Amino acid sequence: MTLPKVELHLHLEGAAPPAFIRGLAQEKRIDISGIFAADGSYAYTDFWHFLKVYEAATSVLTSPEDYHRLTLAVLEESAKSGVVYCETFLSPDFCGGRDLSAWREYLHAIEEAGTQAERTMGVTLRGIVTPIRHFGPEKAKQVALCAAETAGRFVVGFGLAGDEKVGKPGDFAWSFDMAREAGLRLTCHAGEWLGPDSIRDALRDLRVERIGHGVRAIEDLALVDELAENGVVLEVCPGSNIALGIYPGWRKHPIGELHRRGVKVTVSTDDPPFFHTTMAREYDRLAEAFDWDEGVFREIARTSLDAAFCDPDTRARIAPLLEPDHA
Ligand code: ADE
Ligand code: ZN
């Protein structure tokens, strides 16, 4: 579908085209051939194996220049799908090993690629700094310091990714408090691998305004009503959930029901090449599965932009691009 799109949930390394990662591995003579299938795509068996493959792929990204190239490659795909504004998760764990001065260099390279892509491809990029949950709360504190020191026009948010079954959101409260005090807006992966209580925990203990995934709220209709009443935004990634086996198919995905019940749902790809998806494909499959027309998708794009963590001037510049009369 060619409608203008806003994407709020995209892991930068997870969006790396496999050919790009393979090329870098060859240049650097790093053997990660085991993470690819015969057809060249990423190969993994389940979510936990996916996390390992993800980290192996990331191991070839060893310099700011690599991240500059990666960012351009990722945004090229976004632009092809009609994305005009995108927020991406950035992990100092992978970009310089949580060292602040290295992180500044990686961030500078990513931001510069974003500026270039805005000029040449018409897609605006902002960053959400994200510790990895299974690396533990102590490492997350170092990540939070990196985030707080670089908060501003480009780094607009703070999140939490990784294995949802390790620890509790509350273990990361110190980091989220630091990020909030630095003016960052907050989101957290929850309700993907664990049920409704994981969403309640993230909302209560981290005071986040968006939830990454959050789809398993559907198992508790009182929570669904609460999300709708409080305007909590879900960063829903249906293709990811289906590829990872959380739901058996598009028609069985709860996004339709969550939307019908008034929850603010948005649509993203998570780690698109891993899940053989793109933003255009997500829209096409959703249109087929739920009979959603152009009006629904335009409403979702507006909801997404309203929930974006960018400054008001950036939002005001993007808003007209989402409207039908835009040239
Ligand atoms: N990191 C990359 N993709 C993720 C996902 N879907 N959930 C948690 N952590 C991730
Ligand atoms: Zn994610």
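Student: In this predicted model, how many Å from a nitrogen atom of ligand 1 does a polar side-chain atom of D270 lie?

Tutor: A pair of N or O atoms is taken as a polar contact when the two lie within 3.5 Å. D270, which is among the residues around ligand 1, brings a polar side-chain atom to a nitrogen atom of the ligand, and the distance for this pair is 2.6 Å.

Student: Which percentage of the accessible area of ligand 1 does the protein cover?

Tutor: Taken on its own, ligand 1 has 260 Å² of accessible area. The space that ligand 1 takes is the largest cavity, and the share of that area covered by the protein is 97%.

Student: Which helix gives the most residues to the shell around ligand 1?

Tutor: By class, the shell holds four nonpolar, four polar and three charged residues. Three residues of the shell come from one helix, spanning residues 47-58, and this leading contributor is helix α2.

Student: Where does ligand 1 lie with respect to domain 1 and domain 2?

Tutor: Domain 1 comprises 5-16 + 64-322, while domain 2 comprises 18-60. Because both domains give residues to the shell around ligand 1, the ligand lies between them.

Terms used
Residues are numbered from 1 along each chain as its sequence is written. Chains are lettered from A and ligands numbered from 1 in the order in which they are written. This is a predicted model: local features need pLDDT of at least 70, side-chain atom pairs count only at pLDDT 80 or more; totals for chains, interfaces and linings use all residues. Side-chain values use heavy atoms; hydrogens and water are left out. A residue is near a molecule or strand if one of its heavy atoms lies within 4 Å of it. A polar contact is a pair of N or O atoms within 3.5 Å; within protein, one must be able to donate a hydrogen and the other to accept it, and residues adjacent in sequence count only if both atoms are side-chain atoms. Accessible areas come from the Shrake-Rupley method with a 1.4 Å probe; for residues, only the protein chains shown count as cover. On a 1 Å grid over the protein atoms alone, a cavity is a set of points where a 1.4 Å probe fits but cannot get out, and a pocket is an open set with protein on both sides within 12 Å along at least five of seven lines; lining residues have an atom within 4 Å of a point. A molecule sits in a cavity or pocket if more than half of its atoms lie within 2 Å of its grid points. Helices (H or I, at least four residues) and strands (E, at least two) are DSSP runs, numbered from the N terminus. Ala, Val, Leu, Ile, Met, Phe, Trp, Tyr, Cys and Pro count as nonpolar, Asp, Glu, Lys and Arg as charged, and the others, Gly among them, as polar. Domain bounds come from an automatic or database domain assignment.
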